[in-house]
Amino acid sequence: MATTENDFETALHVLDGIPQPSKVNPYLGQHPLKKAPVLCKQDYVDGILAHNRVILSKAITLIESSLPAHYEMAQEIISACMPYAGKSVRIGITGMPGAGKSTFIESFGSHITSLGHHLAVLAIDPSSELSKGSILGDKTRMESLSVNPKAFIRPSPSAGSLGGVARKTRESIILCEAAGFDTILVETVGVGQSETAVRSMVDFFLLVTIAGAGDELQGIKRGIMEMANAIVVNKADGENKRRAELTRRQLANALQLFPNHNNRWWKTPVLTMSALEGLHIAEIWKTIMNYVQIFKENHLFEENRIRQSEECLKSFIEENLSLMFYENPEVKRHFEAVRDALLQQKTSAYAAGQQLLDLYLSSVKK
C-alpha cells in the first residue's frame, strides 16, 4: 500500500512569522518633499556676495560640472563676480604624500583666522585613473578648521589634470574671493607630476617636505624647488628636530646652485616647523606677508597676476581646441580606422595624426 506524507512524523513545518509592515509607506503623499528652488544667475551672485557658503558651494559645483547648461550658467556667474575678486593672497601648497600638508593647513589656517582673516582652502584630491572617483576626505583631516566660522574648505577631484590641480580651480578662486575670503590656499595632491599648473594661479608657492625623504625623490626635487618661493621642513619636533635642521641646511645649500627665478627682490628661504605642535607657524605667515609686501612695492605682484591670466587664456584655448577636435564628426568617423592602421604599423604616428588633422580642418572649412 502506498504511503502518504501524513504517515510520517516530521519537524519540517512553518511557524507563523512576525507580521511584516507594508512595503508601501502609508504616510507617503501626506507630507510631500519640497523640491529645492531652482536658482538663477542673480540668485547665485547675490548669495556669493552675501557670503552664503551654501550658495558658494553650489556655484563651485556648477563650475566643476561637465554639462553644457551648467557651463554656460557658471561662466555667467564668474563674469558677474569678477569685479569683486582679485583682492586675496593666493598661496599654493605642495609636497610629497606624508609630508603633513593637511596637518600643516589645519594649524596654519587656524593661525591665519586668529588674525582676523577669512580663509578658503581648495584642496585637490587625486582622481582614480580607473574609477575616476576621489575620496574627497580633506574635511575629515582638518577637523578644527572645518568647523571654523572664518574658514571654508572645498575638496575637489583632480579629474586627471596636470599636477593634480582641478581644471576649474582658477574659477573657484574667483568665486571665493567674491565671497569675501581674503586668503586662498590651494593644496595639490603631491609631488610627482609637474606643479606648473598650481604655480600659474597663485601668488606664493610653498613646498612642504620632511627630513629623510629618500633618494627616490631627488629626480623631482629640483623642479619643485626651483618654483618654490619658500620651503618648510615639517615634523621638526621631538627626536626628529635635529634631522629636520640638518635637512634645512642641506636644502638651503642646494638652492644656491639653482638660478634665482624670484629675481633680485627675493631669496627663497628654508624654514623648519612642526605642524603638529604649531611651532614656527607664525614665522611662515610673516614670510609670506613679507614676500607680498616686497612684490607689491616693486609692482611685481600685479605683473604676475597679468601673466597668469595670459597663461590661463592659452590653457583654455588648448583645452577647448582638443575637445572640439575629438568631438568632430569626421574625426570620430575615421579615428578607429586610422588608429588600426597605426597599430598594424601601416602608417606612422605622425602621418596618422596629420590625416586626422586634415579631416578636421576640411570639415571646419565646409
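Helices (H or I, at least four residues) and strands (E, at least two) are DSSP runs, numbered from the N terminus. The model is predicted: local features need pLDDT of at least 70, side-chain atom pairs count only at pLDDT 80 or more, and totals for chains, interfaces and linings use all residues. Residues are numbered from 1 along each chain as its sequence is written, and side-chain values use heavy atoms, with hydrogens and water left out.

**Exercise 1. State how many helices and strands the protein has, and describe its burial, contacts and surface.**

Solution.
- Step 1. The secondary structure consists of 14 helices and 7 strands.
- Step 2. Buried means under 20% relative accessible area, exposed over 50%, and partly exposed in between (1.4 Å probe, protein chains only). By this criterion, 41% of the 366 residues of the protein count as buried.
- Step 3. A contact means heavy atoms within 4.5 Å. Among the contacts in the protein with a separation of 6 or more, 76% come from residues 24 or more positions apart.
- Step 4. Accessible areas come from the Shrake-Rupley method with a 1.4 Å probe; for residues, only the protein chains shown count as cover. The accessible surface of the protein is about 21,900 Å², and 57% of this belongs to carbon and sulfur atoms.

**Exercise 2. Compare the expected span of helix α14 with the distance between its end C-alpha atoms, then determine which residues of α14 are buried.**

Solution.
- Step 1. The expected span of a helix is 1.5 Å times one less than its number of residues. Helix α14 (residues 349-365) has 17 residues and should span 24 Å; its end C-alpha atoms are 24 Å apart, which agrees.
- Step 2. Ala352, Leu356, Leu359, Tyr360 and Ser363 are the buried residues of α14.
- Step 3. Seen down the axis of α14, these buried residues fall within an arc of 95 degrees, so they line one face of the helix. The arc is that of the directions from the helix axis to the C-beta atoms.
- Step 4. Tyr350 and Lys365, on the other side of α14, are exposed.
- Step 5. The cover over the buried residues of α14 includes α12 (300-327) and α13 (329-343).

**Exercise 3. Carry out the analysis of span and burial for helix α3.**

Solution.
- Step 1. With 14 residues at 1.5 Å a residue, helix α3 (residues 68-81) should span 20 Å, and its end C-alpha atoms are 20 Å apart, which agrees.
- Step 2. The residues Ala74, Ile77, Ile78 and Cys81 are buried in α3.
- Step 3. Down the axis of α3, its buried residues fall within an arc of 100 degrees and therefore line one face of the helix.
- Step 4. On the other side of α3, the exposed residues are Pro68, Ala69, Glu72 and Ser79.
- Step 5. Among the elements that cover the buried residues of α3 are α1 (41-49), α2 (53-64) and α7 (169-178).

**Exercise 4. Count the salt bridges, then place the pairs of glutamate 64, glutamate 245 and glutamate 336 in the chain.**

Solution.
- Step 1. A salt bridge is a side-chain nitrogen of Lys or Arg within 4 Å of a carboxyl oxygen of Asp or Glu. The structure holds 9 salt bridges.
- Step 2. Glutamate 64 pairs with arginine 154, with the closest N and O atoms 3.1 Å apart. This pair links distant parts of the chain, since glutamate 64 is in helix α2 and arginine 154 in strand β3 (residues 151-157), 90 residues apart. Glutamate 64 is partly exposed at a relative accessible area of 28%, whereas arginine 154, at 12%, counts as buried.
- Step 3. Glutamate 245 forms a salt bridge with arginine 248, the closest N and O atoms being 3.0 Å apart. Both lie in helix α10 (residues 241-255); because they are 3 residues apart, about one helical turn separates them. Glu245, Arg248 and Arg249 are linked in a network of salt bridges.
- Step 4. Arginine 339 and glutamate 336 meet at 2.7 Å, N to O. Both are in helix α13, 3 residues apart, about one turn of the helix. Arginine 339 is partly exposed at 37% relative accessibility, as is glutamate 336 at 41%.

**Exercise 5. Find where histidine 280 lies, and give its phi and its exposure.**

Solution.
- Step 1. Histidine 280 is in the loop between β7 (270-272) and α11 (281-297).
- Step 2. Phi of histidine 280 is near 65 degrees, a positive value in a residue other than glycine.
- Step 3. With a relative accessible area of 42%, histidine 280 is partly exposed.
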